[in-house]
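Welcome! Take a moment to turn the model around on your screen and keep the sequence at hand while you read.

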Amino acid sequence: MAKKANTELIYNCVTLKKDVEKGNIEKENLIITVGIIEKEQTFYIKGIDTFIEIAQQLPQYQFLIIGLNQEKLAHLLKNLPANINIKGKIPHEELIAYYQKGKIYCQLSRIESFGIALAEAMYFGCIPIVTNVGGLPEIVCDKTLVVNRNFDLIRTTIDKIFKKASEPNIDFSEIIYSRFSFKQRSYFIHKFIAQIL
C-alpha cells in the first residue's frame, strides 16, 4: 500500500433477516463453532483441535462443530469425547436454528479476518469467546471475552458464563445490527466514494 494512499477501513457485513425470530428462544448449555473445514490446514487454522480439547476438559457441557467434513478428516477425529457432536455443511436456515439454541459461540482461530459466522452467532444471541487474532476482537467489543490460546483461561471463561458468574450484560445482537449490517456497509462505501470524486 502506498504511504499516502487515500484508504479507509470499511467492515464486512452480514445479511440480517428481520423476519427470523431472535429472542424468546430458550438457550441450551450448548457451545458452537462453525466453519467450512475440509482440509487439515483449515482444521488447525480454525482452532478445531483447541475446541475439541476444551470439550474434553468440560464434559458437563455439550459442544457442536458445524461444517466439518468427517470423512476427509477422520484421522484427526479419533477418540472424541462423548459431549462433542459434529455436523457437516448444513443449509443456512438450519444453521440459524443452532445459533438460536446455542449459549456460547467459540471462534478459537489461529488466523482470522472478519468472522462472518461469529457475527451471525452474536446476532442470534450467542455469547462470543474468541482468540486474540485478526479482526475477531473488533467484532466482539468486550475484552473479557477475548482470550489467548490458553486452555485454562478458555475453560474458565466458558465455565463462568454457564454458572452466571461473569455473563456479560451486553446486547450482542444490537452490536452486530448497528455496526455490521448491509445498510451500514453500503452507507460507508457510498460516503467514501463521494469523498474521492
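What follows is a walk from the overall fold to the sheet, the helices and a pocket.

This is a predicted model, in which local features need pLDDT of at least 70, side-chain atom pairs count only at pLDDT 80 or more, and totals for chains, interfaces and linings use all residues. Residues are numbered from 1 along each chain as its sequence is written, and side-chain values use heavy atoms, with hydrogens and water left out.

Let us begin with the overall fold. The protein has 8 helices and 6 strands; here helices (H or I, at least four residues) and strands (E, at least two) are DSSP runs, numbered from the N terminus. Along the sequence, these elements follow the pattern β-α-α-β-β-α-β-α-β-α-β-α-α-α. Of the 197 residues in the protein, 45% are buried. Buried means under 20% relative accessible area, exposed means over 50%, and partly exposed is in between (1.4 Å probe, protein chains only). The surface that the protein exposes comes to about 11,000 Å², and carbon and sulfur atoms supply 51% of it. These accessible areas come from the Shrake-Rupley method with a 1.4 Å probe, and for residues only the protein chains shown count as cover. Among contacts with a separation of 6 or more, 66% link residues 24 or more positions apart; contact means heavy atoms within 4.5 Å.

Now find the strands. In what order do the 6 strands form the open sheet? Their order is β3-β2-β1-β4-β5-β6, and the pairing is parallel. Two strands pair if DSSP finds at least two bridges between them. β3 and β6 (146-147) stand at the edges with a single partner strand each, so one side of each has no neighbour in the sheet.

Strand β1 (residues 30-37) is a good place to look more closely, since it is mostly covered, with 7 of its 8 residues buried. It is joined to the parallel strand β2 (residues 62-68) by 6 bridges. Here Ile 32 stands opposite Leu 64, and Val 34 has Ile 66 as its bridge partner. β1 also pairs in the parallel sense with strand β4 (residues 104-107), over 2 bridges, where Ile 31 is matched with Ile 104. Ile 104 in turn has a bridge partner in β5, namely Ile 127; β4 and β5 run parallel and are joined by 4 bridges.

In a regular strand the side chains alternate between the two faces of the sheet. Strand β5 (residues 127-131) lets you follow both faces: Ile 127, Ile 129 and Thr 131 are buried on one side, and Pro 128 and Val 130 are buried on the other.

Next, look at the helices. The buried residues of α2 (48-57) are Ile 48, Thr 50, Phe 51, Ile 52, Ile 54 and Ala 55. They pack against β1, α1, β2, β3, β4 and α6 (151-162). In α3, the buried residues are Leu 95, Ile 96, Tyr 98, Tyr 99 and Gln 100, and what covers them includes β1, β2, β3 (84-87), β4 and α4.

Two lysines in loops also deserve a look. Lys 46 lies in the loop between α1 (40-45) and α2. Is Lys 46 buried or exposed? It counts as buried because its relative accessibility is 19%. Leaving aside its neighbours within four places in sequence, Lys 46 is in contact with Ile 37, Gln 107, Leu 108, Ser 109 and Glu 112. Lys 103 is in the loop between α3 and β4, and at 13% relative accessibility it counts as buried too. Its C-alpha atom is separated by 9.6 Å from that of Ala 121, which is 18 residues away along the chain.

Finally, turn to the empty space. Rolling a probe the size of a water molecule over the atoms shows where empty space is left. A pocket is found on a 1 Å grid over the protein atoms alone, as an open set of points where a 1.4 Å probe fits, with protein on both sides within 12 Å along at least five of seven lines; lining residues have an atom within 4 Å of a point. The largest pocket has a volume of about 370 Å³, which is the space filled by probe spheres set on the points, with grid points joined across faces, edges and corners. Its lining has 21 residues, of which Val 34, Gly 35, Ile 36, Leu 95 and Ala 117 lie nearest the centre. β1, β2, α3 (92-101), β4 and α4 (116-123) are the elements that give two or more residues to this lining.
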